[in-house]
Amino acid sequence: MVREFELCPGRRVGGDQPCFIIAEIGQNHQGDLDIAKRMIRMAKDCGADCAKFQKSELEYKFNKKALERPYTSKHSWGKTYGEHKRHLEFSHDQYRELKKYAEEIGIFFTASGMDEMAVEFLHELDVPFFKVGSGDTNNFPYLEKTAKKGRPMVISSGMQSMNTMHQVYQIVKPINPNFCFLQCTSAYPLQPEDVNLRVISAYQSAFPDIPIGYSGHETGIAISVAAVALGAKVLERHVTLDKTWKGSDHQASLEPNELAELVKAIRTVEKAMGSPVKQLLPCEMACNEKLGKSVVAKVAIPEGTILTLDMLTVKVGEPKGFPPESIFDLVGQKVKKNIEEDETITEQVVENHVKKVKC
């Protein structure tokens with residue numbers, strides 16, 4: 001069984017625990033604190049476990065030339081990329097306000113620390129776990145420093161190779177055993193042919209002692225539900241209040257009705273996964289009683305006859321008798337009374353019958 005750990009206070013992931021669902025608000029809040037709160041409330045109302053943002057200390061994430069680069073995209077909030085990012089970046093006090101609001105309404109709150117200084121702030125903010133975005137998964141010094149904080153980690157794997165993920169595992173595991181990997185493809189929106197859900201199974205084989213999850217950027221909910229059916233124990237999806245809003249992530253995000261439907265579908269699939277033991281269930285008894293077949297006499301069989309296969313057939317019989325799988329066991333046995341053609345073969349008419357116990 002895959003190891004479990006406590007990702008948030010009172011909430012474990014892995015093993016037989018339910019999938020932990022992260023509503024990734026990111027920067028889809030448009031730089032508006034009130035919208036951000038509405039999105040936290042939406043995540044809570046739709047049944048998500050956690051509302052997540054993205055925190056950057058811009059001068060530590062980008063160099064000067066990157067911040068000064070002209071940004072003329074239709075999604076731009078400023079003339080330069082730096083102006084654009086500053087518009088979308090909440091202050092430390094605003095993050096404290098958002099975390100307090102999330103606590104008040106009863107949903108876990110965290111953020112991706114997009115650079116080492118952002119991780120320092122989030123550690124001070126006392127988030128329950130760190131999310132490592134795909135862009136920092138191969139940033140080994142960052143990973144080591146983040147792991148040493150001692151908080152659980154959720155690590156996305158977009159843009160990475162299996163070899164890199166093995167290196168990530170080897171760096172993080174000795175420092176902090178409480179982490180998981182998410183299969184992820186960093187494209188917005190993500191096309192189905194690039195999702196590669198089979199990587200979830202590959203990760204489960206390669207890293208059997210940590211939970212595996214999925215971070216999706218596709219449209220719709222079907223692929224994410226399939227990821228849970230494959231065993232994803234943490235699921236992250238971007239969310240928005242309106243896909244037509246300015247911003248490159250909105251198109252690959254779920255609106256409230258979609259998020260609610262995703263959560264509902266995941267919980268249904270988790271129930272449906274059930275037990276690996278195959279057996280006749282109580283809910284099947286009515287159908288079995290009505291349509292389950294029995295061994296019946298194909299011809300009239302006199303008392304004392306040794307049964308042969310050509311004397312027997314299988315039909316829905318009244319009363320119930322030997323089940324079809326017993327037909328070969330009946331061959332060679334003696335009957336102790338006359339059996340009419342089309343009569344059910346029951347235990348009472350077979351000499352010295354010992355009922356076999358099913359294992």
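Reader: Into which domains is the protein divided, and how many Å apart do the C-alpha centres of domain 1 and domain 2 lie?

Author: In this predicted model, the protein is divided into domain 1, which covers residues 7-273, and domain 2, which covers residues 282-344. Taking the C-alpha centre of each of these two domains, the separation between domain 1 and domain 2 comes to 61 Å.

Reader: Which helix gives the most residues to the largest nonpolar core?

Author: The largest nonpolar core has 66 residues, and those that touch the most other members are I40, F53, M153, I155, F181 and Y214. I40, leaving aside residues up to four places away in sequence, touches I25, A51, F53, L98, Y101, A102, I105, I107 and F109. A second, separate core has 14 residues, among them A297, L307, M311 and F322. As for the largest core, the helix that gives the most to it, with seven residues, is α1 (residues 33-45).

Reader: Are the residues on the two faces of strand β7 buried or exposed?

Author: In a regular strand the side chains alternate between the two faces of the sheet. In strand β7 (residues 153-156), M153 and I155 lie on one side, while V154 and S156 lie on the other. Both faces of β7 are covered, and these four residues are all buried.

Reader: Which residue of strand β8 stands opposite S156?

Author: Strand β7 runs parallel to strand β8 (residues 179-184), and four bridges join them. Together with helix α8 (residues 162-172), β7 and β8 make a right-handed β-α-β unit. Within this pairing, the residue of β8 that stands opposite S156 is L182.

Reader: What is the handedness of the crossover from β6 to β7?

Author: Strand β6 (residues 130-132) pairs with β7 in the parallel sense over three bridges, and V132 stands opposite I155 in β7. Between these strands the chain passes through helix α7 (residues 140-147), and this β-α-β crossover is right-handed.

Reader: How many of the residues of strand β10 are buried?

Author: On strand β10, V234, E236 and H238 point one way, whereas L235 and R237 point the other way, and all are buried. Strand β10 (residues 234-238) is therefore largely enclosed by the rest of the structure, and its count of buried residues is five of the five.

Reader: In β10, which residue is the bridge partner of G216?

Author: Strand β3 (residues 20-26) pairs with β10 in the parallel sense over five bridges, and there I21 stands opposite L235. Strand β9 (residues 212-216) also runs parallel to β10, joined to it by three bridges. From β9 the chain crosses through helix α10 (residues 222-229) to β10 in a right-handed β-α-β crossover. In β10, the bridge partner of G216 is R237.

Reader: How many disulfides does the structure hold?

Author: A disulfide is a covalent bond between the sulfur atoms of two cysteines, and it is counted here when those atoms lie within 2.5 Å. For C180, which is buried with a relative accessible area of 0%, the nearest cysteine sulfur is that of C19, 9.9 Å away. For C184, which counts as buried at 5% relative accessibility, the nearest cysteine sulfur is that of C180, 13 Å away. Neither C180 nor C184 is in a disulfide, and for the structure the number of disulfides is zero.

Reader: Does T72 count as buried or exposed?

Author: T72 has its place in the loop between α3 (64-68) and α4 (81-88), and its C-alpha atom is separated by 10.0 Å from that of H84, twelve residues apart along the chain. Because its relative accessibility is 76%, T72 counts as exposed.

How values were computed: Residues are numbered from 1 along each chain as its sequence is written. This is a predicted model: local features need pLDDT of at least 70, side-chain atom pairs count only at pLDDT 80 or more; totals for chains, interfaces and linings use all residues. Side-chain values use heavy atoms; hydrogens and water are left out. Buried means under 20% relative accessible area, exposed over 50%, partly exposed in between (1.4 Å probe, protein chains only). Two strands pair if DSSP finds at least two bridges between them. A crossover is right-handed if, with the strands pointing away from the viewer, the path from the first strand over the helix to the second runs clockwise. A nonpolar core is a set of buried Ala, Val, Leu, Ile, Met, Phe, Trp, Tyr and Cys residues joined through side-chain atoms within 4.5 Å. Contact means heavy atoms within 4.5 Å. Domain bounds come from an automatic or database domain assignment.
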